[in-house]
Amino acid sequence: MAPAAQFIHSHPRGFSAAILALLAGTGVTAFGIAPMAPDAADLPKRLVVQTVTPEALAPQLEALADTELQLNRSDITRPSDTLDSLMQRLGVVDAAAVQWLRLDPIGRKLVEGRAGKMITASLSGSGRLDSLVARFATDDDSQGQARFSRLSIERDAQGRWQSHLEQAPLEATQRLASGTIRSSLFAATDESNIPDAVATQIAELFSTDIDFRRELRKGDTFSVVYEHLTADGEPITWNQGSGRVLAAEFINDGHPHQAVWFGEGKGGYFDLNGESKRRSFLASPMEFSRVTSGFSMRFHPIQKIWKAHLGVDYGAPMGTPIRSVGDGTVEFAGQQNGYGNVVQVHHAGDRTTLYAHMSRIDVRKGQHVSQGDRLGAVGMTGWATGPHLHFEFKVGGLQKDPLEIAKSSETIKLDPSQRARFTALAQAAKIQLTVANDTRGQQTARVE
């Protein structure tokens, strides 16, 4: 063995240390002489030309033809869709699959019911359908969490089609937004890119604090924290992708009003002091709608005379759901002269509510109803010149202003055992609303 090799074999660590020292020294030396090196721009340049021979095209095309392509196509169902039109838009060229969908009870649901289903189809390169998933809205919130329906269609190991329908929870992230009233609430929320479903919830939350028809002021401001919902990671197409309002503040004529959602599942809204926003009676028998005639004197459109209007008329499209403003028992459900189709509900404290001109009645006499339960739908039966709801509130047989009754009705108190947890939540909501207020005039902010 050569002396150098024998030294390396006998002293490996020493040899390694020597190499490191040499490299370190070289590094220092290089740093010292680098400034003296010639400018790279002055170095000679050389052009290197090399011939490249591509592979033959035919083998590449053959390899590509042997590769099975997998394509994913997405679309949204339309009101006029049939299975044929939907499959055509998705690029499905598979008559056997379409025929199976047409005969399968679950598969037919792709084009049944409400439009707006989110469809994702996996296809082969020839258009053969391999699998399909549809995601759409469901009304089931029995588990206290927003959910969606997932319809899955795929082939089993033997190549036979299988379908499955299940419900899954929607995933929620939080978004912050704010706005300023210039003309109306919905104009302000549109300007701030806030979904209409969220604007409706804001109006509902503060309906017993603010008369949005008469008390709204130019320059009023609002801030809101709400849920943005996704299904399997995809933003949902219904409700403009929005979920529940988690916290909101509305400053009306300089007076602040706050609301925060508290509780799991069937929770409720409270102000920041822990007083429930839910009262014994709702301010309106419909979600935020247009009041066409208030509780006051008016010129009767049919009788052509001035007379007291001892109720409130709400203009709304035919078929709009009508809800009970409070807990009670149906004491009349049927036709009543000029009122057309009528439902009358008796509430505690010798109070009754009346709902008239309905296109349909969904309750029966003697039935118990809870606040928010559907009674029927808007129509124009009886003496009505257009689709609307005539609503009356009576105490001891005398008509009263429904909004005043709602404002003065009893509230639900927070359970003392939940006070500490609510206080922590309210403090966090207050910080979020402050941040939301700082976004005024900007795009809606997302909270991770």
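**Exercise 1. In what sense do strand β3 and strand β4 pair, and over how many bridges?**

Some ground rules come before the solution. This is a predicted model, in which local features need pLDDT of at least 70, side-chain atom pairs count only at pLDDT 80 or more, and totals for chains, interfaces and linings use all residues. Residues are numbered from 1 along each chain as its sequence is written, and side-chain values use heavy atoms, with hydrogens and water left out.

Step 1. Locate the strands: β3 covers residues 129-137 and β4 covers residues 147-155. Strands (E, at least two residues) and helices (H or I, at least four) are DSSP runs, numbered from the N terminus.

Step 2. Read the pairing. β3 and β4 are antiparallel, with seven bridges. Two strands pair if DSSP finds at least two bridges between them.

Step 3. Pick one bridge: Leu-132 has Ile-153 of β4 as its partner.

**Exercise 2. Place this pair in its sheet and find the helices on it.**

Step 1. Order the strands. The open sheet has five, running β1-β2-β3-β4-β5, with antiparallel pairing. β1 (70-76) and β5 (161-169) are the edge strands, each pairing on one side only. On average, neighbouring strands are turned by 15° against each other, direction ignored.

Step 2. Add helix α4 (residues 83-90). It packs on the sheet and touches β1, β2 (118-124) and β3. Its direction makes about 130° with that of β1. Axes are lines fitted to C-alpha atoms, for helices over the stretch in contact; angles run from 0 to 180 degrees between N-to-C directions. Contact means heavy atoms within 4.5 Å.

Step 3. Add helix α5 (residues 95-103). It lies across β3, β4 and β5, at about 60° to β5.

**Exercise 3. Determine whether the faces of strand β16 are covered or open.**

Step 1. Recall the pattern: in a regular strand, side chains alternate between the two faces of the sheet.

Step 2. Sort residues 312-315. Val-312 and Tyr-314 lie on one side, Asp-313 and Gly-315 on the other. All are buried, and both faces are covered. Buried means under 20% relative accessible area, exposed over 50%, partly exposed in between (1.4 Å probe, protein chains only).

Step 3. Find the neighbour. Four bridges join β16 to antiparallel β23 (residues 388-395). Phe-391 of β23 stands opposite Val-312.

**Exercise 4. Explain why Leu-176 counts as buried, and name a residue distant in sequence beside which to check it.**

Step 1. Leu-176 sits in strand β6 (residues 171-180).

Step 2. Leu-176 is buried because its relative accessibility is 5%.

Step 3. Take Ala-436, 260 residues away along the chain. The two C-alpha atoms are separated by 5.0 Å.
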